[in-house]
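Here is a short tour for a reader new to this structure. Take a look at the sequence and the model first.

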Amino acid sequence: MRRLLIAVSGILATGALLASAAFALRTPSAEGRAAKPAPATAPQAGSVGKAAELAAAVEIEPAALARLLQESKGEKPVVLHVGFKNFYGQSHIPASDYAGPGSTPEGLNLLRKRVESLPRKQFIVLYCGCCPWDKCPNAKPAYDALRAMGFSNVKVLHIAENFGANWANAGLPVAKGQ
């Protein structure tokens with residue numbers, strides 16, 4: 001009886017070990033997942049998510065950007081509106097350029113053309129402001145497109161609600177028209 005109990009225990013232990021090994025082979029480790037290269041293709045419009053998916057480290061708050069733009073010393077960022085043209089025409093950050101909506105292939109192409117001659121270390125701030133941050137379809141695709149082009153100093157203006165509420169109504173400088 002004792003021998004039978006030992007044999008059954010050995011069979012169960014061997015089975016559990018084999019099942020664990022099989023599961024480990026089918027499930028990549030964190031190291032294995034991290035080692036996979038990123039896709040070589042450039043981000044496509046509408047395929048890369050919402051602004052809320054951006055890391056907090058790449059965000060800049062409205063007041064901080066306004067201070068940077070008003071300072072007389074230091075590097076000024078290139079500020080690019082990556083939202084819809086009608087919003088840019090209504091009200092935008094002074095000295096910002098319209099660079100096309102990041103949610104469309106045409107907009108991303110316009111953005112790429114706008115920045116192609118800039119040094120890859122150029123400080124660039126992207127903004128949209130069309131809708132609440134967690135729903136914005138433009139900021140993240142534009143950010144991803146610049147990163148794919150090799151730009152290393154890109155920030156995205158964090159606009160929680162919309163441009164009017166979080167920039168204009170906060171008393172920060174605005175310009176109107178194209």
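The report below moves from the overall layout to the cores, a helix, the open spaces and a few single residues.

**Overall layout**

This is a predicted model. The protein has seven helices and five strands. Along the sequence they run α-α-β-α-β-α-β-α-β-α-β-α. The protein has 178 residues, and 36% of them count as buried. Many contacts link distant parts of the sequence: among contacts with a separation of 6 or more, 73% join residues 24 or more positions apart.

**The nonpolar cores**

In soluble globular proteins, nonpolar side chains tend to be buried together. Here the largest nonpolar core has 26 residues. Six of them touch the most other members: L80, L111, V115, I124, L126 and L146. Five elements give two or more residues to this core, namely β2 (78–81), α5 (105–115), β4 (124–127), α6 (139–148) and β5 (154–157). The most comes from α6, with five residues. A second core, separate from that one, has 15 residues. I93, V125, F163 and W167 are included in this second core.

V115 shows how the larger core is knit together. Setting aside residues up to four places away in sequence, V115 touches L80, R120, I124, L146, M149 and F151. L80, I124 and L146 are also on the list of core residues that touch the most other members.

**Helix α6**

How much of α6 is buried? Eight of its 10 residues are, and the helix is mostly covered. The buried ones are A139, K140, P141, A142, Y143, D144, A145 and L146. They pack against α5, β4 and β5. Just after the helix, G150 takes a positive phi of about 100°.

**A pocket and a cavity**

The structure has an open pocket and an enclosed cavity to compare. The table sets out their volumes and linings.

| Space | Volume | Classes in the lining |
|---|---|---|
| Largest pocket | about 170 Å³ | seven nonpolar, six polar and one charged |
| Largest cavity | about 50 Å³ | 10 nonpolar, one polar and no charged |

Fourteen residues line the largest pocket, and F87, Q90, S91, F163 and G164 lie nearest its centre. Which helices supply at least two residues each to the lining of this pocket? They are α4 (85–90) and α7 (163–168). With three residues, α7 gives the most to that lining. F163, one of the residues nearest the pocket centre, is also a member of the second core.

The structure holds one cavity of 30 Å³ or more. Its lining is A51, Y127, C128, G129, C131, W133, C136, A139, V156, L157 and I159. A139 in this lining is also one of the buried residues of α6.

**Three single residues**

H92 sits in the loop between α4 and β3 (97–98). Is H92 buried or exposed? H92 counts as buried, because its relative accessibility is 5% and the cut-off for buried is under 20%. Its side chain reaches the backbone oxygen of Y88 at 2.7 Å. Leaving out residues up to four places away in sequence, H92 touches Y127, F163, P173, V174, A175, K176 and G177. Two of these names have come up already: Y127 lines the largest cavity, and F163 is in the second core.

Q122 is found in the loop between α5 and β4. Q122 also counts as buried, because its relative accessibility is 15%. Apart from neighbours within four places in sequence, Q122 is in contact with E75, K76, V78 and N153.

A165 lies in helix α7. Where does A165 fall on the scale of exposure? At 28% relative accessibility, A165 counts as partly exposed, because partly exposed covers the range between 20% and 50%. A165 and G129 are 36 residues apart in sequence, yet their C-alpha atoms are 9.2 Å apart in space. G129 is one of the residues lining the largest cavity.

**In brief**

The 26-residue core draws the most from α6, a helix that is mostly covered. The lining of the largest pocket draws the most from α7. The lining of the largest cavity has no charged residues.

Note on methods:
Residues numbered from 1 in each chain as written. Predicted model: local features only at pLDDT ≥ 70, side-chain atom pairs only at ≥ 80, totals over all residues. Heavy atoms only, no water. 1 Å grid on protein atoms, 1.4 Å probe; cavity = no way out; pocket = protein on both sides within 12 Å on 5 of 7 lines; lining within 4 Å. Points joined across faces, edges and corners; volume = space filled by probe spheres on them. Helix = DSSP H or I, 4+ residues; strand = E, 2+ residues; numbered from the N terminus. Nonpolar A, V, L, I, M, F, W, Y, C, P; charged D, E, K, R; others polar. Buried < 20%, exposed > 50% of the residue type's maximum accessible area, 1.4 Å probe, protein only. Polar contact = N/O pair within 3.5 Å; in protein donor to acceptor, adjacent residues only side chain to side chain. Contact = heavy atoms within 4.5 Å. Core = buried A, V, L, I, M, F, W, Y, C linked by side-chain atoms within 4.5 Å.
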